[in-house]
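Open the structure in your viewer and show the chain as a cartoon. The stops below say what to select and what is there.

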Amino acid sequence: MRMTTKQELIDGLNQDLAHEYQAVIAYTVYAAEVAGPFRPALRDFFLAEAADELKHAQVLADKISALGGVPTAEPAPVAKATTPRAMLEAVLAAETETIERYTRRMAQAEEAGELALVAQLHDMIVDETHHKEEVAKLLEGFPE
């Protein structure tokens, strides 16, 4: 069985970091652009989520640097959404993808013997799962 190399772990973490940047940007833009009767609640929700994603980005950037890598400065592409429902659906898809990526990254970190990173990723999966569940609840019965 082939073990994950430190460089493969750094590369994966940089992919994760790019997606955390993407989330910060998406939440910030969605908070600014959301309109309609749900604007106050969704704006506050998006801004709170942006702050959480920024914390995740910092954890990832710090770990990449500690492993001897260089944290990326490029975000993954941000999904465009013009309606509150489309924004929430884009967020739900991104959170689902993030959980899947972090689950893979946890396995790589364990293979590489990075046990503290395994614990950090576990905590981030808990956060992302909470985000995903909250968005799924918001979408229940949400108007088109």
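Is Gln120 buried, exposed or partly exposed? Select Gln120: it is partly exposed, because its relative accessible area is 32% (buried means under 20%, exposed over 50%, and partly exposed in between, with a 1.4 Å probe and protein chains only). The model is a predicted one, in which local features need pLDDT of at least 70 and side-chain atom pairs count only at pLDDT 80 or more, while totals for chains, interfaces and linings use all residues. Residues are numbered from 1 along each chain as its sequence is written, and side-chain values use heavy atoms, with hydrogens and water left out.

**Stop 1: around Gln120**

Stay on Gln120, which belongs to helix H4 (residues 115-139). Helices here are DSSP runs of H or I with at least four residues, strands are runs of E with at least two, and both are numbered from the N terminus. Now add Val59 and Lys63, which Gln120 touches when residues up to four places away in sequence are not counted; contact means heavy atoms within 4.5 Å. Add Leu60 as well: it is 60 residues from Gln120 in sequence, yet 9.2 Å separates the two C-alpha atoms.

**Stop 2: the whole chain**

Zoom out. The protein chain has four helices and zero strands, so read from the N terminus the order is α-α-α-α. The C-alpha trace spans about 50 × 25 × 20 Å along its principal axes. The radius of gyration is 16 Å, which agrees with the value near 15 Å for a compact globule of 144 residues; it is taken over C-alpha atoms, and the globule rule is 2.2 Å times the number of residues to the power 0.38. Of the 144 residues, 42% count as buried. Among contacts between residues at least 6 apart in sequence, 80% join residues at least 24 apart.

**Stop 3: Leu92**

Select Leu92 in helix H3. Leu92 is partly exposed, because its relative accessible area is 23%. Apart from neighbours within four places in sequence, Leu92 is in contact with Lys132, Val135, Ala136 and Leu139. For a distance along the chain, pick Thr82: it is ten residues from Leu92, and their C-alpha atoms are separated by 15 Å.

**Stop 4: Ala79 and Ala26**

Go to Ala79, in the loop between helix H2 (39-66) and H3. Ala79 has a relative accessible area of 40% and is therefore partly exposed. Its contacts, leaving aside neighbours within four places in sequence, are Tyr30 and Ala90. Next select Ala26, which is 53 residues from Ala79 in sequence and 7.2 Å away, C-alpha to C-alpha. Ala26 lies in helix H1 and is buried, because its relative accessible area is 11%. Asp11 is 15 residues from Ala26 in sequence and 23 Å from it in space, C-alpha to C-alpha.

**Stop 5: the largest pocket**

How much space lies in the largest pocket? The figure is about 250 Å³. Of the 18 lining residues, select the closest to the centre: Gln22, Ala90, Val91, Ala94 and Glu95. The elements giving two or more residues to the lining are helix H1 (6-33) and helix H3 (84-111), and H3 gives the most, with eight.

A pocket is an open set of points on a 1 Å grid over the protein atoms alone where a 1.4 Å probe fits, with protein on both sides within 12 Å along at least five of seven lines; lining residues have an atom within 4 Å of a point. The volume is the space filled by probe spheres set on the points, which are joined across faces, edges and corners.
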